[in-house]
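Here is a short tour of a structure you may want to open in your viewer. We start where two domains meet, then move on to charged pairs, backbone oddities and a cysteine.

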Amino acid sequence: MTSLDLDPSEILERYNVKMEKAMTPDDAAAELYPKDELIRPIAESIYEGEEDDTVEALQKAIDAGKDPIALIDDALMVGMGVVTKLYDEGIIFLPNVMMSADAMLDGIDFCKSQAKEAPVSKGKIVCHVAEGDVHDIGKSIVTALLRANAFDVVDLGRDVPVDEVIETVKKEKPIMVTGTALMTTTMYAFKAVNDRLLEAGLKVPFQCGGGAVNQDFVSTYELGVYGEEAADAPKMAEAILAGADLGKLKEQFHQH
Amino acid sequence: MTVNRYTKMAYASADDMIFGNSPNPVKAGLDLEIGGGYTTPEINYAPRPEAGETKEKLIKEYERITRDSMERMVQVGFPSVVLETEHVQQMTNNPTWGGEVANAQKAIMEDYHDEYGIKCALRHTPGDIREDRDYLQLRGEKYNTLMESFEEVASNGADLLSIETMGGKEVFDRAILRNDVPGMLFAIGCLGTMDMEYIWQDITKIAKKNNVVSAGDTDCAQANTAMFIAGGLLDKNLAHTLAIIARAISAPRTLAAYEAGAVGPGKDCAYENTIVKSIAGVPIAQEGKTSTCAHSDVMGNLVMQCCDLWSNESIEYHGEFGGTTVQCWGESLAYDCALMNSALQTGQSKNLRDMMVLSDKYRDPQGYILAYDNAYKIGEAIVKDSDDIYLRAKNAAVECVNLLENADPKLQMTRFEKNALADASEALAGLTDDSDKFMSDSLEQYKEEVKVFRPENYGL
């Protein structure tokens, strides 16, 4: 013990304690699950992040006559919707989303393996870590959140050469590109990506964020839209689907 | 070179721990003694990105940084300073670049020392370049380049050798995003420690050969990743109770540098350093309220409690209203040190220490555990099983959980933080005490779950 003592409430406030929601995460989730008795266990298993339970519940639904591809939207995405809603409301935290996304991806793979046709993508997004930068935990979070929101992610990994980004965008025709970087020394690769995309006539929104990246820097190149939080990535993709152009995206996400 | 485990605490009681003093002070550079009765600012900086285009531009940039820093210290009358150069990648990948930068910096520092008598030392921290696009490559060709870099800086003017190693990070990155406490134990406590033992024996050899100081490491790559993901009070990415468990586990990992021959001062961003100091008695650098230029934390005053060097973490070199960034932030650091040194001189040091602790101890579970009294208890849990890298890491985690579960009610935690703590407690209770079993089970599990995990990086 320190020799001095004080009442901490006079000098600090734990606002997270003060603001915590009364409802427990499990109670909040229970209110959001679908009622269908074949679908609900799938959604529950996504919320719990239990891959084996997800596949088992999907199998039961398919055996009962449900279409495997329809189950992606009608069950897996519904379960993931519960997770992302609770995350957005601050009721659950990122690790829950990551574990749910793992379960959802396993579920999607299982559904694909049980079907003849391929599911329709909501929108494709190319994600990468800047050339010269090997710090990829931020990108891992971004890709998980995008997948959790039903976007099709092309994950190029870390330390990705500018050429590879451009070639992938030409081939995949994404609705958005994301770039993350930890270091100020590597984030300059984003400018090169921007310039090469423009040269190729590819005017795709380029969301940039991570450690040392800031809005001032991202604002210096035309396609750049600053993402302060990883959770901004799916919001930006949704805004693009809703018709937002670069100007509107910058207006919405450039908050400083 | 052998690894010598710490089997007892460096202090008879936690209350003996104080800033500016360590049981094993270190003499370095130009008349500087670290942990020998006074604190010293440690200025950290990064060159502007465009300065990295050529070696010549880079050297010029570091010359400006060094001259500016030394000039401000002299202008305001501060008696001592450490400069830390954390390498940009090209300086480590081209070892002679780092050597030439060290040489240029040291020449300027010697001029100031000769003219004004200011006590000073230069720390160089090569980047951990041991990875490629797909995998960590901890041993092999990149390791050799890294050792060449240490040799170049040590033989060209660097007084203190440090690095921020990344062993275990590939497993940790997956574990921390999935609340996987056993994975954190395996990544930091086992893999991280094994890599530390390997690399720090070689760094110490280079330091001894060049008559410079084998200083220390930090678990920046893992425990700081956890702290940054946890973020502020309203962030919802990671429970702060889990972030501090990762931190507790990082202490025996960072301790391994000293068991392999390092003598301190430990690296600034190792928030685990108070625990390490309680065991090894080495001087430590810390950062907090004066490193907000680089990142936020929730214990900015508290972490000054036992520091010997006081750092600003890093700031890009450029102009501000009050001078260049190294001058502005260096001056702030030095005034903090002047206050601490005044407290030491007037017999008020424990009061100042305790005020700094109390201002943050109940702000967050992280500060609560790192407060020197609790940090000391974590240290005791570590030395209890000092010869077993798994058990001592597990002990640190268990003690951290115990301290939080029985915390002073003044520390308020959210239900979410308490639930995460309860889950961690349950996971720890379910773990074996058999190290061999834990290692073999974990190897099998993470080879399966983490595609980029290569056991050969750790000699496994």
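In this predicted model, the rule finds 0 residue pairs in polar contact across the interface of domain 1 of chain A and domain 2 of chain A, counting pairs with both residues at pLDDT 80 or more. The search for salt bridges across that interface also comes back with 0. What do carbon and sulfur atoms give to the area buried there? They account for 82% of about 760 Å².

**The two domains of chain A**

- The domain assignment places domain 1 of chain A at 23-113 and domain 2 of chain A at 124-253.
- Between the two sides, the contact draws 11 residues from domain 1 of chain A and 10 residues from domain 2 of chain A.
- Taken over C-alpha atoms, the centres of domain 1 and domain 2 of chain A are 28 Å apart.
- For the buried area of about 760 Å², a bit of background helps: the size of an interface is often given as the accessible area lost when the parts come together.
- With 0 salt bridges found across the interface of domain 1 of chain A and domain 2 of chain A, you may wonder which elements give two or more residues to the side of domain 1 that touches domain 2. They are helix H5 (68-88) and helix H6 (94-113) of chain A.
- H6(A) gives the most to that side of domain 1 of chain A, with 6 residues.
- By class, the side of domain 1 of chain A that touches domain 2 of chain A has 9 nonpolar residues, 1 polar and 1 charged.

**Salt bridges elsewhere**

- Over all chains, a search of the whole structure turns up 51 salt bridges.
- As general background, side chains of opposite charge can pair when their charged atoms come close.
- In chain A, Arg40(A) and Glu44(A) form a salt bridge with an N to O distance of 3.1 Å. Both residues belong to helix H3 (residues 40-48) of chain A and sit 4 residues apart, about one turn of the helix.
- Arg40(A) counts as partly exposed because its relative accessibility is 26%. Glu44(A) is also partly exposed, with a relative accessible area of 30%.
- In chain B, the closest N and O atoms of the salt bridge between Asp15(B) and Arg353(B) are 2.6 Å apart. This pair links distant parts of the chain, 338 residues apart: Asp15(B) is in the segment before strand E1 (21-28) of chain B, and Arg353(B) is in helix H11 (residues 349-360) of chain B.
- Are the two partners buried or exposed, or in between? Asp15(B) is partly exposed, with a relative accessible area of 33%, whereas Arg353(B) is buried, at 0%.
- Glu272(B) and Arg247(B) also meet through their side chains in a salt bridge, at 2.8 Å from N to O. Glu272(B) lies in the loop between helix H8 (240-259) and helix H9 (273-280) of chain B, while Arg247(B) is in helix H8 of chain B, 25 residues apart. Both Glu272(B) and Arg247(B) are buried.
- A network of salt bridges links Glu84(B), Glu86(B), Glu164(B), Lys267(B) and Asp268(B).

**Backbone features to look at**

- Gly264(B) and Pro265(B) are joined by a cis peptide bond, with omega at about 5°. Pro265(B) is in the loop between H8 and H9 of chain B.
- Ala150(A) is not a glycine, yet has a positive phi of about 75°. Ala150(A) is in the loop between helix H7 (137-148) and strand E2 (152-155) of chain A.
- Asn211(B), another residue other than glycine, has a positive phi near 55°. Asn211(B) sits in the loop between helix H6 (181-210) and strand E7 (213-216) of chain B, and is exposed, with a relative accessible area of 73%.

**A cysteine in chain B**

- Cys307(B) lies in the loop between strand E8 (285-287) and strand E9 (309-311) of chain B, and is buried, with a relative accessible area of 0%.
- Which residues is Cys307(B) in contact with, leaving aside its neighbours within four places in sequence? They are Phe19(B), Gly20(B), Thr39(B), Ile284(B), Gln286(B) and Met340(B).
- The C-alpha atoms of Cys307(B) and Cys337(B) are separated by 9.7 Å, and the two residues are 30 residues apart along the chain.

Conventions
Residues are numbered from 1 along each chain as its sequence is written. Chains are lettered from A and ligands numbered from 1 in the order in which they are written. This is a predicted model: local features need pLDDT of at least 70, side-chain atom pairs count only at pLDDT 80 or more; totals for chains, interfaces and linings use all residues. Side-chain values use heavy atoms; hydrogens and water are left out. Domain bounds come from an automatic or database domain assignment. Contact means heavy atoms within 4.5 Å. Buried area is the accessible area (1.4 Å probe) that two parts lose on being put together, summed over both. A salt bridge is a side-chain nitrogen of Lys or Arg within 4 Å of a carboxyl oxygen of Asp or Glu. A polar contact is a pair of N or O atoms within 3.5 Å; within protein, one must be able to donate a hydrogen and the other to accept it, and residues adjacent in sequence count only if both atoms are side-chain atoms. Ala, Val, Leu, Ile, Met, Phe, Trp, Tyr, Cys and Pro count as nonpolar, Asp, Glu, Lys and Arg as charged, and the others, Gly among them, as polar. Buried means under 20% relative accessible area, exposed over 50%, partly exposed in between (1.4 Å probe, protein chains only).
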